[in-house]
Amino acid sequence: MKKTNNIDEMKLKRDIWDVVSYIDSIFKDAIDLGVSDIHIEPSEHFLLIRFRKDGDFLLHDKVDRENISWIITRLKVLAKIKIDENKKPQDGKIVYHYEKDNKNIDVRLSTLPTSYWEKVVMRILKQDDNLTSIEALWLIEVNLEKVRETLKSTYWIILVAWPTGSWKSTTLFGVLKNFNPLKYNISTLEDPIEYDIEYVNQSQVKPEIWYTFSSWLRSLVRQDPDIIMVWEIRDKETAVLAVEAALTWHLVLSTIHTNSAAGTVQRLINMGVEPFLLASAMKMVISQRLWKRICSNCKKEHNIKDYELKKVKEILWPIVWEDKIDGITFYKWEWCEKCWNTWYKWRLWFHEVLQVWDWLEPMILNRDSANNMKKLAIEHGMITMTQDALLKAVVWTTTVEEALKTI
């Protein structure tokens, strides 16, 4: 099939004679390409299959509507969900055997009724052991040392702040794998379980039987835990219980949906956590974004525009001498087969690491604004996310253009 990003140019596949083999080929192609999600999208005239790769969509196939029922039913059978339920959303899991690596890969499936049929989205949960360590998270040295220093303690609460699609699970498990599970009693509640870690007590949230984050936390504190990982803080009850657990000499790891490290403090206060509890319990917030990493095969020297250089100097001058910036060579991309002619093939994180020390506690107690907290944190040496991104452009792992998107 001719590769194209234009739906109208795609050849319409009329008939699928063997739906079992066809679904198998979709999984195989997706895993071969290293995609994160598979979208099965019905429309008025055809079924569109798209892959999400490195945050962007790739068109994979275009199938006649006559085949929709076969494809959706087959996926429901594999996921062990009701095949006759098409009025309500459903969630399930498929275990796909990837012959190339001779291993089973979990695929999380979600259905959603639409005006033309049901849409199916599948998340490929392919574990990469190389990523699940703090050294593999693309933290610059100063931030990596802050994380290592904080992890020397086995109490307090450490949060990963994230927007959707920032690979929070990878960072969370990178932090968790810093600890020997045979030395500590480590328990997690996840939604879903994405990485299997030997000797760690992992549980799956099940809201249909009231097995929620908050109910699990109440039970867990009676299990003599040392380290607790809560997949996500979503409500006041979970937030308060997590903070209280940290105050009773437990290390609590979790994630929260916020846009900045300082904003995480304000978010928890707004959720109903008392500032005096938060000031005593919180130790670190790692805020992160996932952006495009430049292709090392086709990158070339690039003279950035004057306004870009001016902006780079404004952002980096507190941590880099201006005359040093003038001598920096930046890189951009060409096009090559290695990066599939998209100039990037991988992603990397930009970070903002906030350590909560005594100097920040008065601002927390006074319910100060996130902006004021950020200013004070910068005065005490916090590298902002945009600075982190530009430093990664300096060492040629991304472009200035990508870094400036974080502003």
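Across which strands does helix α1 (residues 19-33) lie, and at about what angle does it run to β4? In this predicted model, helix α1 lies across β1, β2, β3, β4, β5 (103-113) and β6 (118-125), and its direction is at about 75° to β4. Helix α2 (residues 68-79) likewise lies across β1, β2, β3, β4, β5 and β6, running at about 85° to β4.

The strands beneath this description belong to an open sheet of six, ordered β3-β2-β1-β6-β5-β4 and paired in antiparallel fashion. Because β3 and β4 (90-98) stand at the edges with a single partner strand each, one side of each is left without a neighbour in the sheet. On average, and with direction ignored, neighbouring strands of this sheet are turned by 20° against each other. Within the sheet, β1 (residues 37-42) and β2 (residues 46-53) run antiparallel and are joined by six bridges, and Pro-42 stands opposite Leu-47 in β2.

Strand β3 (residues 56-64) contains Asp-64, which has a relative accessibility of 13% and therefore counts as buried. A polar atom of the Asp-64 side chain lies 2.9 Å from the backbone nitrogen of Glu-66. When residues up to four places away in sequence are not counted, Asp-64 touches Leu-12, Lys-13 and Arg-14.

The aromatic residues give a second view of the fold. The count of aromatic pairs comes to seven, and two of them are set out below.

| Pair | Centre to centre | Angle between planes | Class |
|---|---|---|---|
| Phe-173 and Trp-231 | 6.2 Å | 55° | tilted |
| Tyr-331 and Trp-396 | 4.7 Å | 50° | tilted |

Phe-173 lies in helix α4 (residues 168-176) and Trp-231 in the loop between β10 (227-230) and α6 (236-247), so this pair ties together parts that are 58 residues apart in sequence. Both Phe-173 and Trp-231 are buried. The pair of Tyr-331 and Trp-396 also links distant parts of the chain, 65 residues apart, with Tyr-331 in strand β14 (residues 330-332) and Trp-396 in the loop between α13 (385-394) and α14 (400-404). Here Tyr-331 is buried, at a relative accessible area of 15%, whereas Trp-396 is partly exposed, at 35%.

Elsewhere, ring pairs link Tyr-155, Trp-156 and Trp-249 into a cluster. The ring of Trp-156 also has the charged end of Lys-283 sitting over it, 4.3 Å from the ring centre. In a similar arrangement, the charged end of Arg-50 sits over the ring of Phe-57, 3.8 Å from its centre.

Key. Residues are numbered from 1 along each chain as its sequence is written. This is a predicted model: local features need pLDDT of at least 70, side-chain atom pairs count only at pLDDT 80 or more; totals for chains, interfaces and linings use all residues. Side-chain values use heavy atoms; hydrogens and water are left out. Rings of Phe, Tyr and Trp (its six-membered ring) pair if their centres lie within 6.5 Å; planes under 30 degrees apart count as stacked, over 60 as edge-to-face and the rest as tilted. Helices (H or I, at least four residues) and strands (E, at least two) are DSSP runs, numbered from the N terminus. Buried means under 20% relative accessible area, exposed over 50%, partly exposed in between (1.4 Å probe, protein chains only). A charge sits over a ring if NZ of Lys or CZ of Arg is within 6 Å of the ring centre and within 35 degrees of the ring normal. A polar contact is a pair of N or O atoms within 3.5 Å; within protein, one must be able to donate a hydrogen and the other to accept it, and residues adjacent in sequence count only if both atoms are side-chain atoms. Contact means heavy atoms within 4.5 Å. Two strands pair if DSSP finds at least two bridges between them. Axes are lines fitted to C-alpha atoms, for helices over the stretch in contact, and angles run from 0 to 180 degrees between N-to-C directions.
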